[in-house]
Each structure stands twice: as C-alpha cells, then as structure tokens.
Amino acid sequence: MIEENCPTFVSDCHVRAAVELIHHTWDPVVLSALRPGPTRRNELLPRIAGISDKVLTQALRRLRSRGLVTRVRDAEGAPARGAAVYRLTPLGESFANGPLAQLARWAADHQAELVEPPTTS
C-alpha cells in the first residue's frame, strides 16, 4: 500500500526509494542512453558526453545491482573479453520510458524557469 503522506524521514518511504534511482548524477543519463536498445559499453562512452570510463563502469554496476540494467553476451561479438552488451531490464524499461521520460519532458518544458539561485558573497 502506498501512503499519500509519506513521512519525510522514514527510511522506507516510496518517495525516497524513487529518488534513490536518480540520486547519482549519471545513472538517469545512462538509463536514457540505453533506451534505444542493447548497447556495447564502448558505444555508450561517446554517446554520453562528459562521462569518464570509471564513472560509466560505476553507474552500470549500480544500475545492474538495482535490477534496472542487465549485461548479456553479444551474439554478434567475438568471444573476446568485453564482448557484451548492456540493456534495460523490463523494470528498467518501465522506469526509463515512464517516470524518467516524464521528468525529462517536465524539465524541458520548464527549463527557462529552472534558474539557479544567486550565489551569496
């Protein structure tokens, strides 16, 4: 059962659980980059401008541990090490194509209003 008024500091709050999925800066970006379909890791790096190899590895591991992404052997790839593709799981697809896509649309619609607060000196 989902309660409408989830206490702010309750550790099992559904709002907090949802926010954890986008807590790390690159996780939602990696999920979005995987939306078109299975992708090799070396194809993700140039697709996601500004992400380092190390940070991509960390994000993929985190997303795999949450059950949002899976790593599968690439049927077309050589048996060499690293011949794998990453793809969204059904749970990952439902998140990336649902709430995450809606959040991105909302941000695009309100981009002009989303200004950074002035810094105090």
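Biologist: Is E93 buried, partly exposed or exposed?

Modeller: Keep in mind that this is a predicted model. E93 has a relative accessibility of 41%. Buried would need under 20% and exposed over 50%, so E93 counts as partly exposed.

Biologist: Okay, and which helix holds E93?

Modeller: Let's go by residue numbers. One helix covers residues 90-97, and E93 has its place there. That makes it helix 5.

Biologist: Which residues does E93 touch, leaving aside its neighbours within four places in sequence?

Modeller: Contact here means heavy atoms within 4.5 Å. With those sequence neighbours set aside, the contacts of E93 are L88 and G98.

Biologist: What separates the C-alpha atoms of E93 and L34?

Modeller: Along the chain, these two residues are 59 residues apart. In space, the distance between their C-alpha atoms is 9.0 Å.

Biologist: Let's switch to charge. Which elements give two or more residues to the positive patch?

Modeller: The patch is on the surface, where R61, R64, R71 and R73 gather. R73, for one, is found in strand 2. The elements giving two or more residues are helix 4 (53-65) and strand 2 (69-73).

Biologist: Is R73 buried or exposed?

Modeller: Its relative accessibility is 55%. The cut-off for exposed is over 50%, so R73 counts as exposed.

Biologist: Zooming out, in what pattern do the helices and strands follow each other along the sequence?

Modeller: The chain has 6 helices and 3 strands. Read along the sequence, they give α-α-β-α-α-β-β-α-α.

Biologist: And what share of the chain is buried?

Modeller: The chain has 121 residues. To be buried, a residue needs under 20% relative accessible area. The buried share comes to 28%.

Conventions: Residues are numbered from 1 along each chain as its sequence is written. This is a predicted model: local features need pLDDT of at least 70, side-chain atom pairs count only at pLDDT 80 or more; totals for chains, interfaces and linings use all residues. Side-chain values use heavy atoms; hydrogens and water are left out. Patches are made of residues with over 30% relative accessible area and no salt bridge: like charges are joined within 9 Å, nonpolar side chains (Val, Leu, Ile, Met, Phe, Trp, Tyr) within 5 Å. Accessible areas come from the Shrake-Rupley method with a 1.4 Å probe; for residues, only the protein chains shown count as cover. A salt bridge is a side-chain nitrogen of Lys or Arg within 4 Å of a carboxyl oxygen of Asp or Glu. Lys and Arg count as positive and Asp and Glu as negative; His and the chain ends are not counted. The place of a charge is taken as NZ of Lys, CZ of Arg, CG of Asp or CD of Glu. Helices (H or I, at least four residues) and strands (E, at least two) are DSSP runs, numbered from the N terminus. Buried means under 20% relative accessible area, exposed over 50%, partly exposed in between (1.4 Å probe, protein chains only).
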